[in-house]
Amino acid sequence: MSTTLPSEPEIIEAVMNTVAYTATEVRQGLIGRRGTVDAENPSGETQLEADVWADRLLRERLSNVDGVAEYASEESDRILECGDSAGLSVATDPLDGSSNLQSNNTMGTIVGVYDEPLPARGTRLVAAAYVLYGPIVTMMIATDEGVSEYELGGGERSLIEDDVTLPDEPVVYGVGGRAQHWPAAIVDYVREIETELKLRYGGAMIGDVNQVMTYGGLFAYPTLEPHPEGKLRLQFEGNPIGYILEQAGGASSNGHRSLLEVEPTELHQRTPVYIGNEEYIERLEAALAD
Ligand code: AHG
Ligand code: MN
Ligand code: MN
């Protein structure tokens, strides 16, 4: 007997509820999990106990959501087939900015919901979200209807803003990596924007992106001389964040085109990431085109 799949909005709602209540446990579980494990993620980075913990919780929960066909995360090189192949594919960065755990700074969880098997182009996203573990745990959720912000507490999600849009007057900027590794065009671009905006860089993409979502401006983890593809991963970081910014009226780029248009070649491919107000993304693409 064929079981019919829930509708796409029902699957998305179930995924977001699962991430919301799991986030409370992820945050609790950070205590006592600040050490490293003797393993690397597929990007060759040493894993923290907290990375493995967050991934295990999300994998168990999300792979059991009715209508989720695949689960993949930056912490594992294999895609978990977990349901009717006609379902949706979920990609997570279970703990973004986990190196901030040592310094007790903000971190996040990122999730992308694609309607095609992974790796998929960002245009195949039907929803994306991030949880920010700040003084208050908040969650930003984007669908084709727009962007909403919630406060999380005790596993519950309470709406605080149901139509989040990027402020028209940009205020902050943050650029990752080491300045000595930035190409000359990025050095010149940063020199220009630092006379217009104020520096807000915390070292966890989600904390820095949420500053831009709140105040307007630019976040970049650029191409670097020794790493032309930058550091961030397209499926788990670039696409979901690019989708959220574009749904909020902002823009995203890999330096040449929207992140959502970047051709997916493999699950853990890296990409330069630039997001923020359209005028700053246009100026950046022009600077890199010269
Ligand atoms: P993750 O912890 O998921 O690997 O992500 C870390 C990323 C991102 O959060 C942040 O923007 C960037 O690494 C910071 O990199 P640097 O440590 O090179 O500044
Ligand atoms: Mn990350
Ligand atoms: Mn991570």
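This section describes the metal sites, helix packing, ring contacts and backbone features of a predicted model.

Two manganese ions are considered together, since they have a ligand in common: the manganese ion (ligand 2) and the manganese ion (ligand 3) are 3.8 Å apart, and Asp93 coordinates both. The protein donors of the manganese ion (ligand 2) are carboxylate oxygens of Asp93 (OD), Asp96 (OD) and Glu237 (OE), found 2.0 to 2.1 Å from the metal. Along the chain, these donor residues follow the spacing D-x2-D-x140-E. Asp96 belongs to strand β5 (residues 88–96) and Glu237 to helix α5 (residues 234–247), so this pair ties together parts of the chain that are 141 residues apart in sequence. Asp96 counts as buried because its relative accessibility is 3%, and Glu237 likewise counts as buried, at 1%.

The manganese ion (ligand 3) is coordinated by Glu74 (OE), Asp93 (OD) and Leu95 (O), with distances of 2.1 to 2.2 Å. The spacing of its donors in sequence is E-x18-D-x1-L. Here, too, distant parts of the chain are linked: Glu74 lies in the loop between β3 (68–73) and β4 (80–81), whereas Asp93 lies in strand β5, and the two residues are 19 apart. Glu74 has a relative accessibility of 4% and is therefore classed as buried. For the bridging residue, Asp93, the value is 0%, which also places it in the buried class.

Helix α5, which supplies Glu237 to the site of ligand 2, is mostly covered, with 12 of its 14 residues buried. The buried residues of α5 include Leu234, Gln235 and Phe236, which precede Glu237, and also Gly238, Asn239, Pro240 and Ile241, which follow Glu237. Gly242, Tyr243, Ile244 and Leu245 are likewise buried in this helix. Just after α5, the backbone at Gly249 adopts a positive phi of about 90 degrees.

A helix pair was examined next. Helix α1 (residues 8–30) packs with helix α2 (residues 49–62) at an angle of about 150 degrees, and the two axes are 10 Å apart. With angles over 145 degrees counted as roughly antiparallel, α1 and α2 therefore run roughly antiparallel to each other. Their crossing is right-handed.

Contacts that involve aromatic rings were also analysed. A search of the whole structure returned 0 aromatic pairs. Charged groups do, however, sit over rings in the model, as at Trp53, where Arg33 lies over the face of the ring at 3.6 Å from its centre. In a further case, the charged end of Arg157 is placed over the ring of Tyr150, 4.8 Å from the ring centre.

Two further backbone features occur in loops. Leu118 and Pro119 are joined by a cis peptide bond, with an omega of about -5 degrees. Pro119 is located in the loop between β6 (107–114) and β7 (125–133). Asn104, although not a glycine, has a positive phi of about 50 degrees. This residue is part of the loop between β5 and β6. Asn104 counts as exposed because its relative accessibility is 62%, whereas Asp93 of the metal site is buried at 0%.

Definitions and conventions. Residues are numbered from 1 along each chain as its sequence is written. Chains are lettered from A and ligands numbered from 1 in the order in which they are written. This is a predicted model: local features need pLDDT of at least 70, side-chain atom pairs count only at pLDDT 80 or more; totals for chains, interfaces and linings use all residues. Side-chain values use heavy atoms; hydrogens and water are left out. Donors are N, O and S atoms within 2.8 Å of the metal (3.2 Å for Na, K and Ca); water is not among the atoms, so sites may look incomplete. Helices (H or I, at least four residues) and strands (E, at least two) are DSSP runs, numbered from the N terminus. Buried means under 20% relative accessible area, exposed over 50%, partly exposed in between (1.4 Å probe, protein chains only). Rings of Phe, Tyr and Trp (its six-membered ring) pair if their centres lie within 6.5 Å; planes under 30 degrees apart count as stacked, over 60 as edge-to-face and the rest as tilted. A charge sits over a ring if NZ of Lys or CZ of Arg is within 6 Å of the ring centre and within 35 degrees of the ring normal. Axes are lines fitted to C-alpha atoms, for helices over the stretch in contact, and angles run from 0 to 180 degrees between N-to-C directions. Angles under 35 degrees count as roughly parallel, over 145 as roughly antiparallel, 65 to 115 as roughly perpendicular and the rest as oblique. A crossing is left-handed if the near helix is turned anticlockwise from the far one by less than a right angle, and right-handed if clockwise.
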